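Q: I'd like a close look at just one part of this model, a pocket, followed by whatever helps me place it in the rest of the fold. Can you walk me through that in plain bench language?

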Amino acid sequence: MKLSRLFPIIAVGAIMAACGGTASKDAGSTDNGTPATTNTSATETRPGTVTVWAGGEIKPDAEMPLVIDFNATWCGPCRQFAPVFHQVAEEMAGKARFVSVDVDNCPDAARQFQVSSIPQITILMPDGKQSSAVGYMTAEEFKNFISLSIPAESK
């Protein structure tokens, strides 16, 4: 492997280690690494929520696409993109599942998807195919990215 291809992987590992990249347990996570859900409403679970990944391997959902936001609390563009991600999750309720992954809390998931820059949005289709984009997107840009990856009949 060329050093130029290896450097981003090493850099992300070093950043994660410097930021305390050990997997930590969120208050809403379970012991088996399944995701905890944050609701857009504090009183009820409803379609359009974003799941906060608590750790473990991310696998394709057999029923619908997974839209994964790899981010970190210290990342300005990630914080700027978060409301866009939640807004589009609400708009696409029942058409895709939306998952937020903090790369500091879930370094294994970040390695699984070869995250080298954040925010990284990865769409994982039920058949295992994936596509990714890096950087802040407006709601319109994010919807366009999704429309390129998810077939119209899924939306």
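A: First, the word itself: a pocket here is an open set of points on a 1 Å grid, with protein on both sides within 12 Å along at least five of seven lines. Keep in mind that you're looking at a predicted model.

The one to zoom in on is the second largest pocket, with a volume of about 230 Å³. It is lined by 16 residues, and those closest to its centre are Asn71, Ala72, Thr73, Ser100 and Asp102. Three elements each give two or more residues to that lining: β3 (66-71), α2 (76-91) and β4 (97-102). The largest share, 5 residues, is from α2. As for chemistry, the lining is a mix: 7 nonpolar residues, 5 polar and 4 charged.

Since α2 gives so much of the wall, let's follow that helix. Phe81 and Phe85 sit 4 residues apart in α2, so about one helical turn separates them. Their rings form a tilted aromatic pair, 6.0 Å centre to centre with 50 degrees between the planes. Both of these phenylalanines are buried. They also have company: Phe81, Phe85, Phe98, Tyr136 and Phe142 make up one aromatic cluster. Across the whole structure, a search turns up 6 aromatic pairs.

If you're wondering about cysteines, the search of the whole structure finds 0 disulfides. For reference, a disulfide is a covalent bond between the sulfur atoms of two cysteines. Cys75 is buried, at a relative accessible area of 6%. Cys106 is buried as well, with a value of 3%. Both count as buried because the cut-off for that label is under 20% relative accessible area.

To place all this in the wider fold, move further along the chain to a hairpin. Strand β5 (residues 120-124) pairs with strand β6 (residues 130-134) in the antiparallel sense, over 5 bridges. To get your bearings on screen, find Ile121 and look across to Ala133, its bridge partner in β6. There are 5 residues between the two strands, and in that turn Gly128 has a positive phi of about 95 degrees.

So if you're stepping through the model yourself, start at Asn71, Ala72, Thr73, Ser100 and Asp102 by the pocket centre, then move to the Phe81 and Phe85 pair, and finish at the β5 and β6 hairpin.

Methods:
Residues numbered from 1 in each chain as written. Predicted model: local features only at pLDDT ≥ 70, side-chain atom pairs only at ≥ 80, totals over all residues. Heavy atoms only, no water. 1 Å grid on protein atoms, 1.4 Å probe; cavity = no way out; pocket = protein on both sides within 12 Å on 5 of 7 lines; lining within 4 Å. Points joined across faces, edges and corners; volume = space filled by probe spheres on them. Nonpolar A, V, L, I, M, F, W, Y, C, P; charged D, E, K, R; others polar. Pairing = 2+ DSSP bridges. Disulfide = S-S within 2.5 Å. Buried < 20%, exposed > 50% of the residue type's maximum accessible area, 1.4 Å probe, protein only. Phe/Tyr/Trp six-rings, centres within 6.5 Å; stacked < 30°, edge-to-face > 60°.
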